[in-house]
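Subject: Structure for you to look at

Hello,

Here is the structure I promised to pass on. Please open it first, then read my notes below.

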Amino acid sequence: MRAKLIPLVLLAVLVAGCAGNQSGQPQAGDTRFVAGDGKMQVFDASERKPAPAVEGPTLDGSTASLAAHKGKVVVLNFWASWCGPCRAEAPVLKEVSTKTKGTGVEFLGVDFKDRQADAKAFERTEGTGYPHIYDQPGKVALAFQGTVPPAAIPSTLIIDKQGRIAARALGAVKYTDLMNTVTKVRDE
């Protein structure tokens with residue numbers, strides 16, 4: 001009986017959510033996942049910290065970096081194909097990306113703790129239209145430790161035109177919250 005319950009418990013954990021909150025931030029190497037609420041937290045301009053340098057191979061075989069988007073607002077989304085809330089928020093990210101394209105806003109995904117074949121299948125299905133860094137070991141996520149818990153997915157950061165972290169959401173983002181925050185940061 002117990003052997004039959006283990007897969008159900010694991011499935012429930014994955015479906016329940018993947019993001020963590022700052023108060024329960026795991027330490028480096030900790031892989032526990034807990035649900036986040038997806039609400040955007042906007043940082044006052046005077047309190048913003050510079051985003052770390054981010055660069056890596058993309059799912060399509062090229063290379064992407066934050067530096068390539070200097071002077072633009074960048075929405076950086078951490079996800080994995082096996083994360084239920086990541087799948088749920090993908091259409092929101094795609095729609096906001098499409099609506100803000102050409103207005104000084106760029107999107108960049110970071111797929112981590114995932115198999116590359118699964119990540120590519122996810123991107124083919126969702127067709128987001130923006131690049132995704134393949135970061136299986138989680139090095140990009142670890143670079144944001146202190147802002148985003150290393151095991152928090154989905155998580156979304158908004159990087160301002162000066163390369164500083166302007167906002168974050170831990171958990172699946174909602175369309176109105178993301179669009180309003182992106183627009184606010186872009187219009188600063």
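Let's start in a loop. Lys113 sits between β5 and α3, in the loop that joins them. Keep in mind that this is a predicted model.

What is the phi of Lys113, which is not a glycine? It is positive, at about 55°. Here is the background. Most residues other than glycine have a negative phi. So Lys113 is worth a look on your screen, with its positive phi.

Is Lys113 buried, partly exposed or exposed? Its relative accessibility is 36%, so Lys113 counts as partly exposed. Beyond four places in sequence, Lys113 touches Trp82, Asp135, Gln136 and Pro137. Tyr134 is 21 residues away from Lys113 in sequence. Their C-alpha atoms are 9.2 Å apart in space.

**The whole protein**

Now step back. The protein has 188 residues, and 47% of them are buried. Its secondary structure comes to five helices and eight strands. Reading from the N terminus, the order is α-β-β-β-β-α-β-α-β-α-β-β-α.

Next, contacts along the chain. Take the contacts with a separation of 6 or more. Of these, 72% are between residues 24 or more positions apart.

**Helix α5**

The helix α5 covers residues 175-186. That makes 12 residues. From first C-alpha to last, α5 reaches 16 Å. This is close to the 16 Å expected at 1.5 Å a residue.

Which residues of α5 are buried? They are Leu178, Met179, Thr181, Val182, Val185 and Arg186. Look at the spacing as you read that list. An α-helix has 3.6 residues a turn, so residues three or four places apart point the same way.

What do the buried residues of α5 pack against? The partners are the strands β1, β4, β5, β7 and β8, along with helix α2. In residue numbers, β1 is 40-42, β5 is 105-112, β7 is 155-159 and β8 is 165-170.

Two residues of α5 deserve a closer look. Take Val182 first, which is found in this helix. Val182 has a relative accessible area of 0%, so it is buried. Leaving out neighbours within four places in sequence, Val182 is in contact with Val75, Thr100, Val105 and Ile158. Val74 is 108 residues from Val182 along the chain. Even so, 8.7 Å separates their C-alpha atoms.

Arg186 also has its place in α5. Why does Arg186 count as buried? Its relative accessibility is 18%, and buried means under 20%. With the same neighbours-within-four-places rule, Arg186 is in contact with Val73, Thr103, Val105 and Lys161. Val105 therefore appears in the contacts of Val182 and in those of Arg186.

**The cavity**

How many cavities of 30 Å³ or more does the structure hold? There is one. The largest cavity has about 50 Å³ of space.

Its lining is made of Asn77, Trp79, Cys86, Ala90, Leu93, Phe122, Thr128, Tyr130 and His132. By class, six of these are nonpolar, three are polar and none is charged. The elements β4 (73-79) and α2 (84-100) each supply at least two lining residues. Helix α2 gives the most, with three.

**Cysteines**

Cys86 is part of that cavity lining. At 2% relative accessibility, Cys86 counts as buried. Cys83 is buried too, with a relative accessible area of 0%. How many disulfides are there? The count comes to zero.

**The largest pocket**

The largest pocket holds about 220 Å³ of space. Its lining has 18 residues. Those nearest the centre of the pocket are Leu66, Ala67, Lys70, Ile159 and Gly163. By class, the lining has eight nonpolar, five polar and five charged residues. Compare that with the cavity lining, which has no charged residues.

**Where to begin**

Try this order on your screen. Find Lys113 in its loop between β5 and α3. Then go to α5 and pick out Val182. Finish at the cavity, starting from the residues that α2 supplies.

Best wishes

Key:
Residues are numbered from 1 along each chain as its sequence is written. This is a predicted model: local features need pLDDT of at least 70, side-chain atom pairs count only at pLDDT 80 or more; totals for chains, interfaces and linings use all residues. Side-chain values use heavy atoms; hydrogens and water are left out. On a 1 Å grid over the protein atoms alone, a cavity is a set of points where a 1.4 Å probe fits but cannot get out, and a pocket is an open set with protein on both sides within 12 Å along at least five of seven lines; lining residues have an atom within 4 Å of a point. Grid points are joined across faces, edges and corners, and a volume is the space filled by probe spheres set on the points. Helices (H or I, at least four residues) and strands (E, at least two) are DSSP runs, numbered from the N terminus. Ala, Val, Leu, Ile, Met, Phe, Trp, Tyr, Cys and Pro count as nonpolar, Asp, Glu, Lys and Arg as charged, and the others, Gly among them, as polar. The expected span of a helix is 1.5 Å times one less than its number of residues. Buried means under 20% relative accessible area, exposed over 50%, partly exposed in between (1.4 Å probe, protein chains only). Contact means heavy atoms within 4.5 Å. A disulfide is a pair of cysteine sulfur atoms within 2.5 Å.
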